[in-house]
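Visitor: I would like to learn how to read a sheet in a model. Where should I start?

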Amino acid sequence: MSQTHFGFKTVDEQDKARHVRSVFDSVASNYDIMNDLMSAGLHRLWKAYTIQVANPRPGDRVLDIAGGTGDLDLAFAPKVAPNGQVVHTDINEAMLREGRNRLLNHGHVLPTLVCDAEKLPFPAGYFDIVTVAFGLRNMTHKEVALREMNRVLRPGGKLLVLEFSKVAAPLEKAYDWYSFNILPKLGKWIAKDEDSYRYLAESIRMHPDQETLRGMMREVGFGHVDVHNLTAGIAALHLGIKC
Ligand SMILES: C[S@@+](CC[C@H](N)C(=O)[O-])C[C@H]1O[C@@H](n2cnc3c(N)ncnc32)[C@H](O)[C@@H]1O
């Protein structure tokens, strides 16, 4: 049986999705407040930048994968109106429910769908824009998911992958200290869940760095890939064009 990583642990490939599900089942209700606290609000700037680079137009069809509590969907919805479509998806029902309630509270009724990024239930070439924010890291077969994202995009369509990445060398020590000492404690105090936030820190270290991810995106058919480092590489936005 093949093995993979779940944070720093090695697990059977077939078990990773279950471990990831239990993390997001546990954090769903505190997800938004924890995001603001952990990143001191920076995730909002990174997401706003992602929307700017995506440059959605009225009428565009947008697929948000691993959309969770719906930050990107909320920003996209008014920009593609009145004829466009934003499809809000995630593999985790608890996260999706939080997102759907939030979207409804803001007056947006979007198609909301439980689906696995590795098996997208959409026809080839359907979307103008596909996004995945802080989701790819958790997927078992990242190449399979990236290939699916490429498949559902029209030629010339854009994939935006926003994800934690490899921080610049001078910040590494301080960032490690924060990630392994402060993050799990914040998780313990606010979300009553230390382990999930330790997994977060570990999964970031196990995720492909900027250049490796660029190579993976090229491999599955993105002819052009730009990498935008955000906050000294704490996060990175990869823009892939299907060409
Ligand atoms: C850190 S949250 C990100 C949520 C949201 N995109 C954001 O940026 O705030 C990661 C999400 O990835 C989802 N996820 C993990 N594996 C997935 C998969 N194979 N397919 C779809 N979503 C997945 C989780 O359920 C979780 O909601």
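Guide: Start with one strand and work outwards. This is a predicted model. Take strand E3, which is mostly covered.

Visitor: How many of the residues of E3 are buried?

Guide: Buried means under 20% relative accessible area. In E3, four of its five residues are buried.

Visitor: Which strands pair with E3, and in what sense?

Guide: Pairing is read from bridges. E3 and strand E4 (residues 85-90) are joined in the parallel sense by four bridges. Within this pair, Arg61 is opposite Gln85 of E4. E3 also runs parallel to E6, again with four bridges. There, Ile65 has Val132 in E6 as its bridge partner.

Visitor: What links E3 to E4 along the chain?

Guide: Look for a helix between the two strands. Helix H4 (residues 71-80) forms a right-handed β-α-β unit with E3 and E4.

Visitor: What is the strand order of the whole sheet?

Guide: Read across the strands, from one edge to the other. The sheet is open, has seven strands and mixed pairing, and its order is E5-E4-E3-E6-E7-E9-E8. Strand E5 (112-114) and strand E8 (222-230) are the edges, each pairing on one side only. On average, neighbouring strands are turned by 15° against each other, direction ignored.

Visitor: Which helix packs on this sheet?

Guide: Helix H6 (residues 142-152) does, touching strand E3 (61-65), E6, E7, E8 and strand E9 (235-242). The direction of H6 makes about 145° with that of E7.

Visitor: How do E6 and E7 pair?

Guide: Strand E6 (residues 127-133) and strand E7 (residues 153-164) are parallel, with six bridges. One example is Val130, whose bridge partner in E7 is Leu159.

Notes:
Residues numbered from 1 in each chain as written. Predicted model: local features only at pLDDT ≥ 70, side-chain atom pairs only at ≥ 80, totals over all residues. Heavy atoms only, no water. Pairing = 2+ DSSP bridges. Axes fitted to C-alpha atoms, helices over the stretch in contact; angles between N-to-C directions. Contact = heavy atoms within 4.5 Å. Buried < 20%, exposed > 50% of the residue type's maximum accessible area, 1.4 Å probe, protein only. Right-handed = clockwise from strand over helix to strand, strands pointing away.
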